[in-house]
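Work through the exercises below with the model open. Try each task before you read its solution.

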Amino acid sequence: MFRPASLIVTLVFSLLSALPLHASETIAVKIGYVQWAPDQGPVLSNVLPEPEDAGLRGAELAINDNSTTGKFMGHTYTLTPKVAESEQAAVEAFEALQQQGVDLFVINAPASTLTAIMDKAATDTLVFNSGSPDDALRASKCNPNLLHTLPSYAMLTDALGQWLKMRRWSRVFLITGPTAADQAWASAFRRSAKRFGVKIMEDKPWTFDADLRRTASKELPLFTQANDYAAVVVADVRGDFGEYVPFNTWLPRPVVGTQGMSPEAWHRVVESWGAAQLQSRFYDLAGRDMTSEDYAAWAAVRSLGTAVTQLGKADPKSLRRFIFSDRFQLAAFKGRQLTYRLWNGQLRQPIPLVHPRGLVASAPIEGFIHPKTEMDTLGLDEPESACRING
Amino acid sequence: MKSLFRQTALAALVGLSAPALASLAYVSNEKDNTLSVIDTESQQVVDTIEVGARPRGILLSKDFTKLYICASDDDTVQVLDLATRKIVDTLPSGEDPEQFALHPNNKHLYIANEDDAIVTVVDVTTKEVLAQIDVGIEPEGMAVSPDGKWAVNTSETTSMLHWINTETFEIDKNIVIGQRPRHVEFSNDSKVAWASAEIGGTVHIIDVDNLEQIHEMSFKVPGVNQDRVQPVGIELTSDGKYAFVALGPSNHVAVVDAKTYEILDYLLVGSRVWQLDLNKDETQLYTTNGVSGDVSVIDVEALKVIKSIKVGRYPWGVVIDPNS
């Protein structure tokens, strides 16, 4: 049943690409962007705060990229951004945009907000998740019209797990912070550790409430006292205490995880595969470095632009079908063509492992093999996910 | 004392042997800000020349007396005098020049300005900027047809070939090809253009008379995952027999029958093979291998890799001077 359909797609595509471009129809693509970031609460390490417009500026850059291509094709792209102050406001902003006829969205919000938004989505509305790394959204709570450009926690921790294994640093000390996100990151890491044969020697929750800027050197060595470990893994998603772990461990060991060396969707130090150009384009636009949230929003809007360029259509149903077809590939400065997983809508992608001023490695690490694509060694592979959003 | 001796010895070596040498290959080392000079006879690096920041595209003037160098991070095109191996001039290039192509008139240089989505046309004799043409995002590949009629630019993020009319400096046609187009190469008779799409993994053959795609090919390197097969540089033999396609991180060069488009072989070279050039009699093909920091030499008749030559860090472009 599948083969004839894809053949038709191919035929249509060849016909389209054979047409002279001035003959193509004018298409106006409207994309809604809704952002809501809950207050992280006070953190100890507040020296370098995260930018408040992380995500939004990435979407804006992708609109510019799409528009430059579009001007040769008669396609225009507009972004309607709504930065909400609460979950309810985010849902209302989404509904208002939908009523104005917008049916393509990028949502940068926590999992609960995203779920609330999907409950209000019309049948064909196509939504990209650029803000929530929540594993449940990819494992069981999938939605056929929800795609994910931000890597899941499982993808990030699998990247780290592969790297630890490759370095043969396979006995680690895990420190987990108190927030739900910290717990989710840590449980993703525990899964990765099991998967790649990394042994968690100590698994300790972070409970101290002192200001470590005064006492880190005294408290952390005691906290990390243990017989032996090759590395310390920190799960501190909001950046509360984690920045004070490196160089303060009992044993002289490297720190990895959410601090130290981290798996990230994107980071300033990524420069290969043309990434230097994307980085400088972003910097010119935003006056700051591109974050993972910016990258995820950029990838979402570029996915739509790429599909519209190739397909010559902008209705969500056609775009969705094309994005999941084997004609779709996203060029996204990670050295490989990126595609979406059929079962849960996650964008496959290499994960850079970075420290604040340099790239250490890029996962999938050579040697971790997969029958289909090595990128599926990162995150929830088909057998591990209950989702089948494409039947 | 020692270094003085070495310099003198090197100068003597270069000075003495230069006239008798076979042709020289020039390799731009993107992360060393140097050019490596290779004697293609002895297949050894005979000199290293300091140039501007982040040298990428390089090409020879039509009279083979000068080498033009895109010094990307210096936002300029440098002119190297080949006789003295000194930078003798710079050209206005627009921002972040990456690749360029020289019109057969030996005057009009078409420069892709990667950061600005512009192609700049400079007259190299007067240093006048003749035109700046808006193209897609991240213009990269540049080629001028041997008959001088077309300048073609590839824009990586827009995934298009922009066909610039060299008389009007205006785009006459845009052709969408695979994702991240990198390089265009014309056949000697200007009738066919070959364009590579790095992320698409494809090479597109364009009929120049009708400006239409007549063929699309993809590559399958045994034992290499498909998403590592990324076509970049293309080189065609002038007899119309072979096309060589550098396949990036698959570390192979594809040998293609240029008439039937049949893929004849895959040759293993260094890591992340980028650009290619043939020597004068087309018996040898040089490839730059970005990650392994070397140049592979392919024997064209035997279709075998015969040598790898260590150069600087991230070798990007290679040209072989047929006249040296």
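**Exercise 1: the domain contact**

Task: State how many residues of domain 1 of chain A are in contact with domain 2 of chain A, and classify them.

Solution. In this predicted model, eight residues of domain 1 of chain A are in contact with 14 residues of domain 2 of chain A. Now sort the domain 1 side by residue type: four are nonpolar, two polar and two charged. Next, place the domains. Domain 1 takes in 2–151 + 267–349 of chain A, and domain 2 takes in 154–263. Their C-alpha centres are 32 Å apart.

**Exercise 2: the chain contact**

Task: Describe the side of chain A that touches chain B by its elements and residue types.

Solution. Start with the counts: 19 residues of chain A are in contact with 22 residues of chain B. Then find the elements. Helix 1 (2–18), helix 2 (56–70) and helix 9 (275–286) of chain A each give two or more residues to this side. Finish with the types: eleven residues are polar, four nonpolar and four charged.

**Exercise 3: helix 6 of chain A**

Task: Compare the span of helix 6 of chain A with the expected value, then decide how many of its residues are buried.

Solution. Helix 6 of chain A covers residues 153–167, 15 in number. From first C-alpha to last it reaches 21 Å, close to the 21 Å expected at 1.5 Å a residue. For burial, count 20 or more other C-beta atoms within 10 Å. Twelve of the 15 residues pass, so helix 6 is mostly covered. Among them are Tyr153(A), Met155(A), Leu160(A) and Trp163(A). Last, look just past the helix: Arg168(A) follows, with a positive phi near 60°.

Notes: Residues are numbered from 1 along each chain as its sequence is written. Chains are lettered from A and ligands numbered from 1 in the order in which they are written. This is a predicted model: local features need pLDDT of at least 70, side-chain atom pairs count only at pLDDT 80 or more; totals for chains, interfaces and linings use all residues. Domain bounds come from an automatic or database domain assignment. Two residues are in contact if their C-beta atoms, placed from the backbone, lie within 7 Å. Ala, Val, Leu, Ile, Met, Phe, Trp, Tyr, Cys and Pro count as nonpolar, Asp, Glu, Lys and Arg as charged, and the others, Gly among them, as polar. Helices (H or I, at least four residues) and strands (E, at least two) are DSSP runs, numbered from the N terminus. The expected span of a helix is 1.5 Å times one less than its number of residues.
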